[in-house]
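Open the model in your viewer and keep the sequence panel visible. The stops below go from the whole chain to single residues.

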Amino acid sequence: MALTQQRKQEIMSKYQVHETDTGSAEVQVAMLSDRISRLSLHLQSNEKDYSSQRGLLKMIGQRKRLLSYIEKGNREKYQNLIASLGIRG
């Protein structure tokens, strides 16, 4: 379930704000979105994995809080982020 180092680097390079950025809210949202999509696929075939369901809900809540933080700071950056991740319609 964990992201590989190579996948993390790809996500960071795509969503980082500056050259040495590894933990900005945008990067965190992108990583959480990737983990959420992978866990959702797992839960489709393992419906009774309740521990993973709880983890998924916690990740979704964390992503929601980070998106709210980004939206308060810069609405345009928020719109661009959700469009590039394809998480809201």
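A residue is called buried here when its relative accessible area is under 20%. Ser33 has a relative accessibility of 10%, so Ser33 counts as buried. Keep that cut-off in mind for the stops that follow; note also that this is a predicted model.

**Whole chain**

Show the protein chain as a cartoon. Its secondary structure consists of 4 helices and 0 strands, in the order α-α-α-α along the sequence. Along the principal axes, the C-alpha atoms fill a box of roughly 40 × 30 × 20 Å. The chain has 89 residues, and 33% of them count as buried.

Now switch on the surface. The accessible area is about 6,200 Å², and carbon and sulfur atoms hold 48% of that. Colour by charge next: there are 15 positive and 9 negative side chains, with the centres of the two sets 8 Å apart. Of the contacts with a separation of 6 or more, 48% join residues 24 or more positions apart.

**Helix α3**

Select residues 50-73, which form helix α3. How does the distance between the end C-alpha atoms compare with the span its residues should give? At 1.5 Å a residue, the 24 residues should span 34 Å, and the end C-alpha atoms are 35 Å apart, so the two agree.

Within α3, display the side chains of Ser52, Leu56, Met59, Arg63, Leu66, Leu67 and Ile70, which are buried. An α-helix has 3.6 residues a turn, so residues three or four places apart point the same way. To see what covers the buried residues of α3, add α2 (25-45) and α4 (75-85), which are among the elements that do so.

**Ser33 and Glu26 in helix α2**

Go back to Ser33, which sits in helix α2. Which residues does Ser33 contact beyond its neighbours within four places in sequence? They are Arg63, Leu85 and Ile87. Arg63 has already appeared among the buried residues of α3.

Glu26 is also a residue of α2. Its relative accessibility is 10%, so Glu26 counts as buried. Select its contacts, again leaving aside neighbours within four places: Tyr15, Val17, Ile70, Lys77 and Leu81.

**The nonpolar core**

In soluble globular proteins, nonpolar side chains tend to be buried together. The largest nonpolar core in this model has 21 residues, and those touching the most other members are Ile11, Tyr15, Val29, Met31, Leu67, Ile70 and Leu81. Two or more residues come from each of α1, α2, α3 and α4. The largest share, 9 residues, belongs to α2.

Centre the view on Ile11. Apart from residues up to four places away in sequence, Ile11 touches Leu3, Val27, Ala30, Met31 and Asp34.

**Met12 in helix α1**

Move one position along to Met12, which lies in helix α1 (residues 5-15). Is Met12 buried or exposed? Its relative accessibility is 11%, so Met12 counts as buried. Its contacts, not counting residues up to four places away, are Asp21, Thr22, Val27 and Met31.

For the last stop, draw a distance between the C-alpha atoms of Met12 and Val27. These residues are 15 apart in sequence, and their C-alpha atoms are 5.9 Å apart in space. Val27 is also on the contact list of Ile11, as is Met31.

Conventions. Residues are numbered from 1 along each chain as its sequence is written. This is a predicted model: local features need pLDDT of at least 70, side-chain atom pairs count only at pLDDT 80 or more; totals for chains, interfaces and linings use all residues. Side-chain values use heavy atoms; hydrogens and water are left out. Buried means under 20% relative accessible area, exposed over 50%, partly exposed in between (1.4 Å probe, protein chains only). Contact means heavy atoms within 4.5 Å. The expected span of a helix is 1.5 Å times one less than its number of residues. Accessible areas come from the Shrake-Rupley method with a 1.4 Å probe; for residues, only the protein chains shown count as cover. Lys and Arg count as positive and Asp and Glu as negative; His and the chain ends are not counted. The place of a charge is taken as NZ of Lys, CZ of Arg, CG of Asp or CD of Glu. A nonpolar core is a set of buried Ala, Val, Leu, Ile, Met, Phe, Trp, Tyr and Cys residues joined through side-chain atoms within 4.5 Å.
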